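Trainee: Could you walk me through reading a model like this one? I would like to start with the ligand surroundings and then turn to the sheets.

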Amino acid sequence: MNRKLSSILVTGGAGFIGVNFIRHLFERAGFDGRIVNLDAVTYAGNPASLADLSAGYKRHYDFVRGDICDRGTVEKVFEDYQIDTLVHFAAESHVDRSILGPEAFVRTNVMGTFTLLDVARMKWKGRDDVLFHHISTDEVFGSLGETGYFHEATPYDPRSPYSASKASSDHLVRAYHHTYGLPITLSNCSNNYGPYQFPEKLIPLMIQNMLEGKALPVYGDGRNIRDWLYVEDHASAIWTILGRAESGSSYNVGGENEWENLRLLEKLMEVVAAKSGKSLDAIRGSITYVKDRPGHDRRYAINCDAIKRDLGWRQALTFDEGLERTVDWYLSNQAWVDSIRSGEYQKWIDMNYAAR
Ligand code: NAD
Ligand code: DAU
């Protein structure tokens with residue numbers, strides 16, 4: 001392999017996984033090239049999450065506020081920074097929002113991915129020392145019964161507007177490789193958790209509600225199953241793929257860590273109670289069963305043997321360690337939570353959650 005990996009365009013690098021990925025490259029992976037973070041700063045993006053990068057890293061880092069659907073902006077970033085690697089996180093990412101308003105998902109996830117691919121095709125014509133890495137999700141594979149796992153070859157069966165838009169973007173990425181020879185890799189990952197996650201997703205929402213003495217809304221019977229991966233382990237998987245994977249390859253990434261929502265909640269309640277001094281009984285009493293998510297996928301579970309076997313990647317943290325770190329982070333970073341919740345999020349929650 002002959003990849004340069006010296007000028008990396010990270011899209012959506014102000015969101016949850018993007019922030020953790022950029023930190024991983026600078027703070028743990030020893031990356032010493034340039035990172036350009038292109039992010040539109042939607043309700044879910046907070047460029048301040050990287051404000052405390054040390055001065056040494058900041059010399060290698062630029063933030064550009066811009067929309068991945070805007071071809072002119074993307075072209076200019078490619079030209080200004082001589083981009084040789086693109087790591088594409090930018091997306092609308094929350095299933096519940098996709099049910100309430102699918103249009104933004106089609107726009108960003110489908111048209112945005114198309115725009116990036118098409119600019120990369122034009123700017124990188126004939127080059128094989130470049131790479132477009134697309135971040136996708138296990139949700140494209142649909143829903144599992146009580147047994148079985150998603151493999152790389154599992155047929156696509158997306159069932160929410162979010163997963164349908166991500167499946168569509170995956171197909172475009174593979175089509176650009178097959179048709180135009182664009183060097184690509186792709187990863188489909190399970191549920192991430194950890195620092196900097198916007199508090200609308202299960203784990204940070206529940207931590208916040210426990211700390212604030214609010215109801216803990218469990219959808220349906222609470223028996224849906226997800227496979228949880230600490231976000232730094234996802235970042236290390238992506239870095240491994242960038243360095244070692246063959247162009248055209250796809251890898252599943254997962255925690256091998258399945259939890260029913262209710263069991264996960266019980267574990268989380270214990271950690272939060274122990275660390276915050278709140279009463280475990282009071283927290284337990286806040287569990288509230290609410291109307292189920294329409295079309296709620298029952299079970300996701302990833303088989304990630306291929307990335308382990310081919311590229312030598314491993315998860316580094318146990319679930320206990322990851323949850324402890326996550327709760328510690330939210331306890332120490334309530335100002336971050338206040339700042340990210342005070343913008344568009346608040347208006348959206350007022351409009352949509354009151355009706356639930
Ligand atoms: P997130 O919602 O926290 O962050 C998304 C980021 O994209 C935000 O910073 C937002 O401002 C930016 N963005 C949105 N629309 C944009 C646009 N049009 N132009 C430029 N920037 C835009 O999402 P996340 O949880 O960090 O997920 C990142 C990626 O990983 C997504 O592609 C998602 O589908 C995928 N993924 C997420 C998980 C998970 O558990 N969170 C698991 C597997 C895959
Ligand atoms: O599987 C990967 C996907 O994981 C990513 O592609 C998505 O971007 C990410 O948002 C996540 O999707 P989920 O829908 O699985 O995550 P969420 O945190 O929204 O929900 C996890 C489970 O918890 C799911 O079964 C729904 C349930 N849930 C969620 C919320 C927010 C509740 O019971 N109550 C809640 O309030």
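Mentor: Happy to. We begin with residue classes: Ala, Val, Leu, Ile, Met, Phe, Trp, Tyr, Cys and Pro count as nonpolar, Asp, Glu, Lys and Arg as charged, and the others, Gly among them, as polar. Keep in mind that this is a predicted model.

Trainee: How many residues of each class are in the shell around ligand 2?

Mentor: That shell divides into nine nonpolar, eight polar and six charged residues. Of the 23 residues around ligand 2, the nearest are Thr-137, Asp-138, Tyr-162, Arg-293 and His-296.

Trainee: Which elements supply at least two residues each to the shell around ligand 2?

Mentor: They are α7 (202-212) and β8 (216-219). The largest share, three residues, comes from β8.

Trainee: And how do I read polar contacts here?

Mentor: Look for pairs of N or O atoms within 3.5 Å. For ligand 2, a polar side-chain atom of Glu-139 sits 2.9 Å from a ligand oxygen. Arg-226 also brings a polar side-chain atom to 2.8 Å from an oxygen of ligand 2. Leu-202 takes part through its backbone, with an N or O atom 2.8 Å from an oxygen of ligand 2. As for cover, ligand 2 has 690 Å² of accessible area on its own, and the protein covers 95% of it.

Trainee: Let us read ligand 1 in the same order. Which residues come nearest to ligand 1?

Mentor: Out of 29 residues around ligand 1, those are Ile-17, Asp-39, Ser-93, Tyr-162 and Lys-166. By class, this shell holds 13 nonpolar, twelve polar and four charged residues. Notice that Tyr-162 is among the nearest residues for ligand 1 and for ligand 2.

Trainee: What polar contacts does ligand 1 have?

Mentor: Among them is one from Phe-16, where a polar backbone atom is 3.1 Å from an oxygen of ligand 1. Ser-93 places a polar side-chain atom 2.7 Å from a ligand 1 oxygen, and for Tyr-162 the side-chain distance to a ligand 1 oxygen is 2.6 Å. Taken alone, ligand 1 exposes 840 Å², of which the protein buries 96%. Elements giving two or more residues to this shell are α1 (16-28), β5 (131-137), α6 (161-180) and β7 (191-193), with β5 giving the largest share, three residues.

Trainee: Now the sheets. What should I look at first?

Mentor: Strand order and pairing. Seven strands make an open sheet, ordered β3-β2-β1-β4-β5-β6-β10, with parallel pairing. The edges are β3 (61-65) and β10 (250-253); each has a single partner strand, so one side of each lacks a neighbour in the sheet. On average, neighbouring strands here are turned by 20° against each other, direction ignored.

Trainee: How many bridges join β1 to β2?

Mentor: Five, between residues 7-11 of β1 and 34-39 of β2, running parallel. One pairing to find is Thr-11 with its bridge partner in β2, Leu-38. Helix α5 (residues 103-123) packs on this sheet, touching β1, β4 and β5, at about 165° to β5.

Trainee: What is the strand order in the three-strand sheet?

Mentor: It is β7-β9-β11, open and with mixed pairing. Since β7 and β11 (258-260) stand at the edges with a single partner strand each, one side of each is left without a neighbour in the sheet. Neighbouring strands of this sheet are turned by 50° on average, direction ignored. Three bridges join β9 (residues 225-230) to β11 in antiparallel fashion, and Arg-226 has Trp-259 of β11 as its bridge partner. Arg-226 is also a residue with a polar contact to ligand 2.

How values were computed:
Residues are numbered from 1 along each chain as its sequence is written. Chains are lettered from A and ligands numbered from 1 in the order in which they are written. This is a predicted model: local features need pLDDT of at least 70, side-chain atom pairs count only at pLDDT 80 or more; totals for chains, interfaces and linings use all residues. Side-chain values use heavy atoms; hydrogens and water are left out. A residue is near a molecule or strand if one of its heavy atoms lies within 4 Å of it. A polar contact is a pair of N or O atoms within 3.5 Å; within protein, one must be able to donate a hydrogen and the other to accept it, and residues adjacent in sequence count only if both atoms are side-chain atoms. Accessible areas come from the Shrake-Rupley method with a 1.4 Å probe; for residues, only the protein chains shown count as cover. Helices (H or I, at least four residues) and strands (E, at least two) are DSSP runs, numbered from the N terminus. Two strands pair if DSSP finds at least two bridges between them. Axes are lines fitted to C-alpha atoms, for helices over the stretch in contact, and angles run from 0 to 180 degrees between N-to-C directions. Contact means heavy atoms within 4.5 Å.
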